[in-house]
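Trainee: I should like to be guided through this structure one question at a time.

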Amino acid sequence: MALDKITTVQGTAVHVPGSDVDTDRIIPARFMKCVTFDGLGGYLFYDVRKHEDGSDKEHPLNNPRFKNATVLVAGSNFGCGSSREHAPQAIYRYGFRALIAESFAEIFFGNCTTLGIPCVVATGDDIKVLAAAVEADPALAVTVDVEQCRVFFGDQSFTVHVPDSARDSLISGRWDPIADLLESMDDVSARMQELGYSA
Amino acid sequence: MGNGKSLFEKVWDGHAVRELSNGQTQLIIGTHLIHEVTSPQAFGMLRDLGLKVRFPERTFATVDHIVPTDESKEPFSDPLADAMIRELRKNAEDFDITYFDLSTGKQGIVHVVGPEQGITQPGTTIACGDSHTATHGAFGAIAFGIGTTQVRDLLATQTMAMSKLKVRRINVDGQLPPGVYAKDVILHIIAQLGAKGGIGYAYEYGGEVVDNFTMEERMTVCNMSIEGGARAGYVNPDDTTFEYLKGRPYCPSGDAWDATVEKWRAFASDPDTVYDDVVNIRAEEVAPSVTWGISPDQGFSVNGTIPRPEEGETPAEQESIREALEYMKLTPGTPIKGTKIDVAFIGSCTNGRLSDFREVARFIKGRKVADGVKAIAVPGSQIVAKLCENEGIDQVFRDAGFDWRRAGCSMCLAMNPDKLIGDQLCASSSNRNFKGRQGSPTGRTILMSPLMVAAAAIKGEVSDAREVFELTACATA
């Protein structure tokens with residue numbers, strides 16, 4: 001399976017502040033009554049973006065200045081809670097292609113990587129500087145360089161942390177593991193028997 | 001320094017097939033559990049790739065998240081829910097997967113069904129597209145919550161790509177005071193270590209309190225590992241584990257039983273295991289606990305005072321407190337006790353088992369839910385419901401003014417008709433107090449033990465169960 005090699009993501013950014021943003025907030029459960037992921041993008045952050053009558057609340061994603069942003073900048077423990085892949089699916093379908101945060105919850109991080117969405121970890125101070133720069137100039141080009149583990153914007157840049165396995169998967173175009181997993185099915189069958197799982 | 005291995009390492013090493021090119025491990029997941037919400041897309045991907053379910057006998061399905069708890073006849077009144085149930089039924093049939101359907105008498109929350117059927121076993125690996133899969137760790141299994149693409153990976157290969165976790169041993173020693181339950185222990189641990197404290201770790205729970213816990217209490221503790229940021233949590237298997245499993249449908253019987261028990265016993269962490277981290281908790285310091293915020297770590301004793309934003313140690317923490325109090329509509333500097341509630345919910349994969357209902361029933365006999373409070377009790381499975389009904393527990397709940405419902409996830413996540421309305425405040429035995437979690441975008445949740453929910457239901461406000469039910473050695477600090 002030929003997948004894109006994801007070495008860098010370039011675009012404009014939007015900062016969604018706050019820590020412990022959970023996947024219920026990213027995509028409320030009632031929008032998961034579906035058998036495909038199609039159409040989830042429209043419900044991203046729905047309850048913090050919309051009043052109950054459907055009109056807009058004040059939220060960075062509703063601000064026309066940040067329209068078409070493809071890099072989401074967030075706080076710590078982003079994506080905690082439910083394992084729902086609907087969350088990264090909604091983020092991707094809304095148009096985001098990379099995430100920068102102080103930290104990510106583990107299941108969410110894995111789900112994103114498997115979908116080819118780089119999640120890079122930056123310090124709170126660096127995120128503050130980036131958020132201020134984006135606020136001052138929403139058209140500012142932000143480059144998430146997965147290969148070099150750096151984020152570039154204007155004449156500034158900072159180092160980010162990307163776990164080796166995720167970095168390697170993304171830049172080599174092997175972020176969807178299914179092809180790799182299928183390669184060793186003979187070994188898997190033998191081990192399944194050894195472990196007593198299958199006859 | 002010892003050379004001992006933890007249960008986590010033993011099970012991981014035994015299930016590792018090979019190292020993948022990115023350094024992750026291809027890990028065999030012996031038991032795969034699926035439900036209606038996170039599996040249909042995975043079956044879709046499988047079909048798109050032209051793949052089959054490789055080991056259909058190792059995947060087990062049930063329906064829980066969207067099942068209405070107040071109607072039993074299909075088609076259900078919600079056409080979307082009905083479509084999802086039909087989809088799961090079709091996928092189970094097409095791919096020859098065991099399905100504990102509504103008609104079997106064995107349906108329920110996936111994390112209640114697995115143990116109750118004896119599918120959950122020590123020394124195994126388990127995964128499910130649900131973050132509360134850690135529950136199964138109570139049996140000395142390594143159990144992970146996963147996303148839908150990984151559900152596809154398991155269907156196709158019975159393996160997934162994963163990075164090894166570190167292990168933090170959490171000892172709970174001493175004697176729990178009366179009125180303090182397993183739920184309070186895990187809420188206390190989460191408040192101490194934080195909602196992100198467990199990132200990168202599996203939690204191994206031990207110490208005399210955990211050793212003395214029943215399996216259902218251990219499940220309550222392991223269940224909320226993810227609320228502490230840990231992807232897996234477990235307890236070493238012992239006689240309590242084996243006694244629970246003996247005679248269950250999917251467990252070995254006859255001569256095979258004794259040999260299996262010896263094999264299972266050997267998975268327990270060696271006494272000289274060196275852990276990546278160790279945390280010691282004193283049981284005497286655990287109080288009946290409640291949350292006051294919108295993250296499970298924003299919790300304290302029921303006798304606590306709602307914090308002021310200034311008490312946050314960092315600007316980010318101060319902002320979190322401010323955001324939580326604004327959402328929860330709570331006044332800083334005032335006691336949480338006495339906060340009026342609108343709804344009381346007893347159920348969920350955290351606290352929806354026989355012992356939870358049995359314990360509450362002991363105390364609510366002859367009492368009434370306060371006027372204006374809607375109280376619902378939702379068994380975690382059809383079998384739990386039946387066991388309760390055999391003991392007359394359902395009638396005790398009904399007499400006290402609770403609705404006694406059918407099995408399902410119900411108001412834990414509100415993907416079914418059980419939802420909060422407007423900014424209703426719910427005393428809940430579930431696991432998450434996130435904004436909007438219980439179905440209304442402004443709905444509010446206070447997490448607590450089942451008996452604390454019962455106390456709140458009876459008083460109409462957040463209360464100390466020890467006072468309401470006159471539990472001995474009442475220590476109201």
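Mentor: Let us begin with a term: domain bounds come from an automatic or database domain assignment. This is a predicted model, in which local features need pLDDT of at least 70 and side-chain atom pairs count only at pLDDT 80 or more, while totals for chains, interfaces and linings use all residues. Residues are numbered from 1 along each chain as its sequence is written, with chains lettered from A and ligands numbered from 1 in the order in which they are written.

Trainee: How far apart do the C-alpha centres of domain 1 and domain 2 of chain B lie?

Mentor: Chain B is divided into domain 1 (7-279) and domain 2 (288-468). Their C-alpha centres have a separation of 24 Å.

Trainee: Which helix gives the largest share of the side of domain 1 of chain B that touches domain 2 of chain B?

Mentor: Two residues are in contact if their C-beta atoms, placed from the backbone, lie within 7 Å. The contact between these domains of chain B takes 39 residues from domain 1 and 37 residues from domain 2. On the domain 1 side, two or more residues come from each of α4 (110-117), α6 (182-193) and α8 (215-223) of chain B; helices (H or I, at least four residues) and strands (E, at least two) are DSSP runs, numbered from the N terminus. The largest share, six residues, is that of α6(B).

Trainee: How many residues of chain B are in contact with chain A?

Mentor: On the chain A side, α1 (23-26), α4 (106-114), α6 (164-171), α7 (178-183) and α8 (185-194) each supply at least two residues. Chain A takes part with 51 residues, and the residues of chain B in contact with them number 58.

Trainee: Where does the largest nonpolar core lie with respect to the domains of chain B?

Mentor: A nonpolar core is a set of buried Ala, Val, Leu, Ile, Met, Phe, Trp, Tyr and Cys residues joined through C-beta atoms within 7 Å; buried means that 20 or more other C-beta atoms, placed from the backbone, lie within 10 Å of a residue's own. The largest such core has 216 residues, and Val71(A), Val73(A), Ile100(A) and Ala344(B) have the most contacts inside it. Helix α16 (residues 450-459) of chain B gives the most to this core, eight residues. Because domain 1 (7-279) and domain 2 (288-468) of chain B both give residues to the core, its place is between them.

Trainee: Which residues of strand β7 of chain A point to the buried face?

Mentor: In a regular strand the side chains alternate between the two faces of the sheet. Along β7 (residues 150-153) of chain A, Arg150(A) and Phe152(A) point to one face and are not buried. Those that point to the other face and are buried are Val151(A) and Phe153(A).

Trainee: Which residue of β8(A) is the bridge partner of Phe152(A)?

Mentor: Strands pair if DSSP finds at least two bridges between them, and β7(A) pairs with β8 (residues 156-159) of chain A in the antiparallel sense over four bridges. Their hairpin has two residues between the strands, and Gly154(A) there takes a positive phi near 50 degrees. The partner of Phe152(A) in β8(A) is Ser157(A).

Trainee: Which residue of β7(A) is the bridge partner of Val142(A)?

Mentor: Strand β6 (residues 142-145) of chain A runs antiparallel to β7(A), joined by four bridges. In their hairpin, four residues separate the strands, and Cys149(A) in the turn has a positive phi of about 55 degrees. In β7(A), Val142(A) is partnered by Phe153(A).

Conventions: Buried ≥ 20, exposed ≤ 12 C-beta atoms within 10 Å, placed from the backbone.
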